[in-house]
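Biologist: I would like to go through this model and ask what stands behind each label. Please put it up before we begin.

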Amino acid sequence: MHPILKLVTQRLALGLLLLLAASALIFIGVELLPGDVAQSILGQSATETALRNLREELGLNEPALTRYFKWLFAALQGDLGTALTNGQSISKAVGERLGNTLFLAFWAALFSVPLAIVLGLIAVRYRNRWPDKLISGITLSTISLPEFVAGYLLMYLFTVKIRLFSPISTIYSGMSLGEKLSAIALPVMVLVLVVLAHMMRMTRAAILNVMQSAYIETAELKGLRPFVIIARHAFPNAIAPVVNVVMLNLAYLVVGVVVVEVVFVYPGMGQYLVDHVTKRDLPVVQACGLIFAAVYIGLNILADVISILANPRLRHPK
Amino acid sequence: MNDELKYLLGRTVQGKHSRRAFLGRAGALGVSAAMANTILAGAARAQEPKKGGLIRMGMQGGESTNTLDPALAASEVPFAVNMTWGEMLTDVDPHGNLDMRIAEEVSSSPDAKTWKFKIRQGVEFHNGKTVTAEDVLATMQRHSDESSQSGALGIVQGIESMSAEGDMFTVTLASGNADLPYLMGDYHLIIQPNGGRDDPAAGIGAGPYKVVVNEPGVRHGFEKHANYWDDRIGHADQTEILVINDTTARVAALQAGQVQMINRVDPKVYGLLKKAPGILVHATPGRGHYVFIMHCTAAPFDNNDLRMALKLAINRQEMVDKVLGGLGSVGNDFPINSAYPLFDDTIEQREYDPDQAAFYYKKSGHDGTPIVLRTASGAFPGAVEAAQLYQQTAAAAGIPLEIKREPDDGYWSDVWNVQPFCASYWGGRPVQDQMYSTAYLSTAEWNDTKFHNEKFDGLLIAARAELDNAKRKSMYAEMAHILRDEGGLILPMFNDFVEGVSDTIGGWESDPNGELMNGRAHVKCWLA
């Protein structure tokens with residue numbers, strides 16, 4: 001078997017085990033929270049009778065373990081069930097939300113990853129001179145700004161002062177691509193500002209590390225232009241750490257953007273998950289949790305594979 | 001009419017000036033009050049509704065867990081959504097009068113035990129079926145039978161039997177209740193085809209708009225129900241409710257013109273938003289109130305002297321000013337204010353009195369250990385700050401309070417109605433009887449102050465069946481006195497509904513029944 005194929009298979013098997021463990025942890029976590037779905041739905045207006053009837057209908061009277069295994073067997077057969085709170089099909093609702101989340105993450109990544117890497121290369125080319133300091137200064141300030149502050153600032157600038165974009169980023173089927181892109185312009189900007197610094201700094205550090213090598217000196221002595229040296233000779237050898245950071249940030253764009261979703265009223269997975277945790281809607285929390293875990297695991301496997309491909313030495317473990 | 005008067009008039013009709021301010025300014029211009037009143041009435045009448053267009057509301061209080069089943073509606077967005085597609089037997093108008101909706105007429109037996117509702121002819125559900133008395137019966141049965149999960153169960157459980165015959169729906173109560181027609185206007189009791197038994201969350205009702213888009217927690221879209229019976233409401237062709245839970249985003253959406261109305265304007269930005277061009281901010285006094293509740297059965301609150309000390313140790317005006325930003329009114333330790341019919345305004349206002357508080361505290365013989373007050377930021381907006389203010393003013397009277405901040409999560413199941421002293425809120429009810437029956441009758445399920453008073457209970461039951469309003473009013477006043485002086489309720493303030501509305505909207509009316517014109521602003525207003 002090809003060593004990379006073997007590695008991917010091993011990682012995937014391990015990933016499935018991790019998902020199983022995650023589902024158990026999520027279940028325990030939600031069970032530990034005070035109150036249950038019935039109480040959360042009826043809130044302050046709950047009467048004992050109404051609570052009893054609702055619990056009966058939602059099957060909450062069964063022991064926790066029974067409920068977990070029932071859910072697990074259904075999920076293994078591809079049936080995510082329906083939300084306890086409003087009876088909507090989970091796979092359909094999650095499908096739409098996940099699509100929205102991936103749409104936003106895709107456009108944020110499309111702008112931020114190349115931008116971060118190019119800025120990183122420029123920073124190395126002019127290291128310790130003003131372009132380097134300017135790039136570092138700006139990106140470090142944007143990462144230090146909490147997401148919601150950045151969001152409000154952009155909202156104030158581009159929706160209230162200059163009416164360029166809409167403050168509400170709600171997208172729905174039936175909108176053209178252009179309308180959708182205009183709607184998500186502000187959240188994409190915020191996300192780009194947030195993830196830029198991390199990737200840029202990593203690119204810069206990794207390349208600087210390689211710049212000490214003898215072959216870079218050779219390239220310099222050959223008379224190559226500094227930017228060609230960095231892009232052609234140094235960067236390929238610095239890919240592994242950069243890819244790791246890029247993947248971490250991509251995972252963040254999918255999993256961790258709930259604040260941006262709330263500020264711009266974007267119908268993504270984050271807000272959907274938070275709502276259902278608040279209501280103790282276990283099947284939905286499980287579905288979202290597992291998707292998030294799978295995204296993390298998948299992107300990490302991808303990062304490892306790319307690192308190995310980029311560095312022949314890693315292909316032959318000792 | 002001179003230009004200045006015209007300008008004033010325009011501002012007043014738009015709501016930028018109060019009626020009183022208009023009369024004052026008009027007087028300064030040499031116009032008599034009677035004349036000014038006539039001018040004003042004419043101008044208000046001249047605002048004719050315009051048909052067509054799309055009205056959008058941006059609202060806080062929606063989650064992706066929401067359902068269209070009216071039995072399970074609890075937060076603001078499901079409430080407004082249900083008011084768009086659904087209709088009840090009756091409703092309460094902004095002046096507290098009964099508004100006949102699906103029921104055209106109502107009559108009762110002299111003991112107020114048997115009520116007959118005549119069902120309006122030719123009202124059509126969105127699926128094309130005609131609304132019948134059987135549908136009404138099935139609806140009420142779904143909310144009241146033994147398998148009911150409805151939030152209205154507490155309201156309808158006094159019903160002994162119901163029947164439908166021809167166009168007549170008859171309710172027989174276990175004991176008389178003069179307010180039954182008001183209770184039938186409860187927002188859970190939306191009439192659905194076959195009572196919603198087939199699919200409770202289908203969103204098929206007899207309201208002015210049909211559900212077109214239902215994305216809980218994101219947006220709800222509606223289009224006009226062509227065969228709707230009442231052309232006094234439902235002016236826009238389409239309407240949409242966007243869920244915008246973030247306060248800043250909601251205000252920005254209004255300013256950018258993406259939505260024409262928003263609920264829950266933060267008192268902190270009230271003054272600023274008022275100055276924004278093209279936006280009107282309305283503060284509407286309602287029946288909702290913020291409270292601190294003591295269990296009258298649990299030590300040390302089982303001692304009425306201690307309860308009195310704690311009632312005297314709160315500075316109500318300061319709370320209204322600081323917690324509500326002045327957008328509210330002071331409470332008087334009973335849950336009724338002038339927004340209720342039959343309110344007695346002669347009941348003496350309780351004031352902050354540290355000396356008296358200290359006197360009662362001493363008299364109660366409390367051992368001086370700190371009294372634990374539980375609060376959470378979700379108990380009501382500003383509940384933590386209000387508790388801290390309370391701690392300060394109580395300390396000035398020598399009463400030690402210890403604030404315990406609880407998590408929002410699980411507050412309504414683990415703290416409220418469980419712990420003996422905590423912060424809470426009530427949304428108010430359309431009539432006094434319902435408010436008292438919900439939370440102050442000894443046997444009430446939500447008797448969250450554990451208040452047991454035979455005389456109070458007796459008066460409540462007697463007033464319920466009393467059809468003479470003068471007698472009823474004096475009974476309610478007596479009950480208010482009992483609750484104010486012996487109850488476990490500390491009610492420092494009634495909160496206003498604060499809402500932002502674009503000046504492109506016509507027909508805004510202040511409605512104490514609920515926020516955004518009782519959830520119907522988008523249904524009753526029009527694009528001017």
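Biologist: Which residues of helix H12 (residues 354–364) of chain B are called buried?

Modeller: This is a predicted model, and in it the buried residues of H12(B) are Ala357(B), Tyr360(B) and Tyr361(B). The label requires 20 or more other C-beta atoms within 10 Å of the residue's own, so each of these three meets that count.

Biologist: Why are they said to be on the same side of H12(B)?

Modeller: Around the axis they cover an arc of only 105 degrees, which puts them on the same side of the helix. The face turned away from that buried side carries Asp355(B) and Lys362(B), both exposed. Exposed stands for 12 or fewer such neighbours.

Biologist: What covers the buried residues of H12(B)?

Modeller: The cover includes helix H10 (304–312) of chain B. Just after H12(B) comes Gly365(B), with a positive phi of about 70 degrees.

Biologist: What makes helix H9 (residues 214–222) of chain A "hardly covered"?

Modeller: The count of buried residues among its nine residues is zero. With the cut-off at 20 neighbours, none of the nine qualifies as buried. H9(A) is followed by Gly223(A), whose phi is positive as well, near 90 degrees.

Biologist: How do you know which elements make up chain A?

Modeller: Chain A has 14 helices and zero strands. A helix here needs at least four residues in its run and a strand at least two. Buried residues make up 38% of the 318 residues in chain A, and the C-alpha trace spans about 85 × 60 × 35 Å along its principal axes.

Biologist: What describes the packing of two helices?

Modeller: The angle between their axes and the distance between the axes. For H13(A) and helix H14 (residues 282–310) of chain A, the axes come within 9 Å and cross at roughly 145 degrees. The crossing is left-handed.

Biologist: Which residues make that contact between H13(A) and H14(A)?

Modeller: H13(A) brings Met269(A), Tyr272(A), Leu273(A), His276(A) and Val277(A), while H14(A) brings Val284(A), Val285(A) and Cys288(A). By class there are seven nonpolar residues, one polar and no charged. His is not on the nonpolar or the charged list, so His276(A) is the polar one.

Biologist: How do helix H5 (residues 90–125) and helix H6 (residues 130–144) of chain A cross?

Modeller: Their axes come within 7 Å and cross at roughly 145 degrees, and H5(A) passes H6(A) in a left-handed crossing. The contact joins Leu119(A), Ile122(A) and Ala123(A) of H5(A) to Pro131(A), Asp132(A), Ile135(A) and Ser136(A) of H6(A). These divide into five nonpolar, one polar and one charged. Asp counts as charged, so Asp132(A) is the charged one.

Biologist: How many residues of each chain are in contact across the interface?

Modeller: 41 residues of chain A are in contact with 38 residues of chain B. Contact means C-beta atoms within 7 Å. The largest share of chain A's side, six residues, comes from H3(A). That side divides into 19 nonpolar, 16 polar and six charged residues.

Biologist: What confidence does the predictor give the complex?

Modeller: An ipTM of 0.83 and a pTM of 0.85. For chain B the mean pLDDT is 90, and 91% of its residues reach 70 or more.

Definitions and conventions
Residues are numbered from 1 along each chain as its sequence is written. Chains are lettered from A and ligands numbered from 1 in the order in which they are written. This is a predicted model: local features need pLDDT of at least 70, side-chain atom pairs count only at pLDDT 80 or more; totals for chains, interfaces and linings use all residues. Two residues are in contact if their C-beta atoms, placed from the backbone, lie within 7 Å. Axes are lines fitted to C-alpha atoms, for helices over the stretch in contact, and angles run from 0 to 180 degrees between N-to-C directions. A crossing is left-handed if the near helix is turned anticlockwise from the far one by less than a right angle, and right-handed if clockwise. pLDDT is the predictor's confidence in each residue, from 0 to 100. The arc is that of the directions from the helix axis to the C-beta atoms.
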